[in-house]
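Morning, everyone. I have one structure to go through today, starting with the inside and ending at the surface. Please have a look at it first.

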Amino acid sequence: MHKMIILFLSTLLSGLSAHKFYVSVTQVEYYAPDQAIQITSRVFIDDLEKALLERYDAELSLGTPKERPDANGYIDRYLRAKFSVRINGTPVEYKFLGKKVDNDILVLFVEVPERPLEGLRSVEIQNEVLMDVYEEQKNIVHFRFGEIKKSFVLLRESNSGMLNF
């Protein structure tokens, strides 16, 4: 009986580890000292590499010593195609500031500069990152502006979330 339980658990756990979740998490916050909207997005490195390879035929080796020197340019280009910010209903430009590696996650830093808080009525994020590669992709977006907090789970058919003030 004991061996059957161990066999059952090992089979169950091995099946779970083989299942891959397709998810990213994006935090959108207002940083008052700079009057800027700061956006941090966490994506799995292998998923982003697959998207960049399929879209641009670029093998980048992200987060390794072999990373191509033009990797940030490809990431910026992909973000501009798949990620947008609207303030008060109007699309705005943002800056891709860079990235850092955290184990198997790539943390992407984006900023919308020079946005006084008193002029904000709404902030909308459209996030289609990796949805062109994985049909099951879910992009979670957390907004935090002072005491106001709101979260969304974005899917292919519903790929934007809005925070109204």
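Start with two strands, β2 (36-44) and β6 (105-112): each supplies at least two residues of the lining of the largest cavity. Keep in mind that this is a predicted model.

How many cavities of 30 Å³ or more does the structure hold? One. The volume of the largest cavity is about 60 Å³.

Now the walls. Lining the largest cavity are T26, I39, S41, L79, F83, L108, V110, N127 and V129. Sorted by class, that lining has six nonpolar residues and three polar ones, and no charged residues.

Next, the chain as a whole. Its secondary structure comes to three helices and 10 strands. Read along the sequence, the pattern is α-β-β-α-α-β-β-β-β-β-β-β-β. The protein chain has 165 residues, and 35% of them are buried.

Last, the outside. Which residues make the nonpolar surface patch of about 240 Å²? They are L117, I148 and F165. I148 is found in strand β9, which covers residues 148-154.

Why can I148 be part of a patch? Patches are made of residues with over 30% relative accessible area and no salt bridge. I148 has a relative accessible area of 33%, so I148 is over that cut-off. In terms of burial, I148 counts as partly exposed.

To go back over the two places: the cavity lining has no charged residues, and the surface patch is made by L117, I148 and F165. That is the end of my part.

Terms used:
Residues numbered from 1 in each chain as written. Predicted model: local features only at pLDDT ≥ 70, side-chain atom pairs only at ≥ 80, totals over all residues. Heavy atoms only, no water. 1 Å grid on protein atoms, 1.4 Å probe; cavity = no way out; pocket = protein on both sides within 12 Å on 5 of 7 lines; lining within 4 Å. Points joined across faces, edges and corners; volume = space filled by probe spheres on them. Helix = DSSP H or I, 4+ residues; strand = E, 2+ residues; numbered from the N terminus. Nonpolar A, V, L, I, M, F, W, Y, C, P; charged D, E, K, R; others polar. Patch = residues over 30% accessible without salt bridge, like charges linked within 9 Å, V, L, I, M, F, W, Y side chains within 5 Å. Areas by Shrake-Rupley, 256 points an atom, 1.4 Å probe, with all protein chains shown as cover. Salt bridge = Lys/Arg side-chain N within 4 Å of Asp/Glu carboxyl O. Buried < 20%, exposed > 50% of the residue type's maximum accessible area, 1.4 Å probe, protein only.
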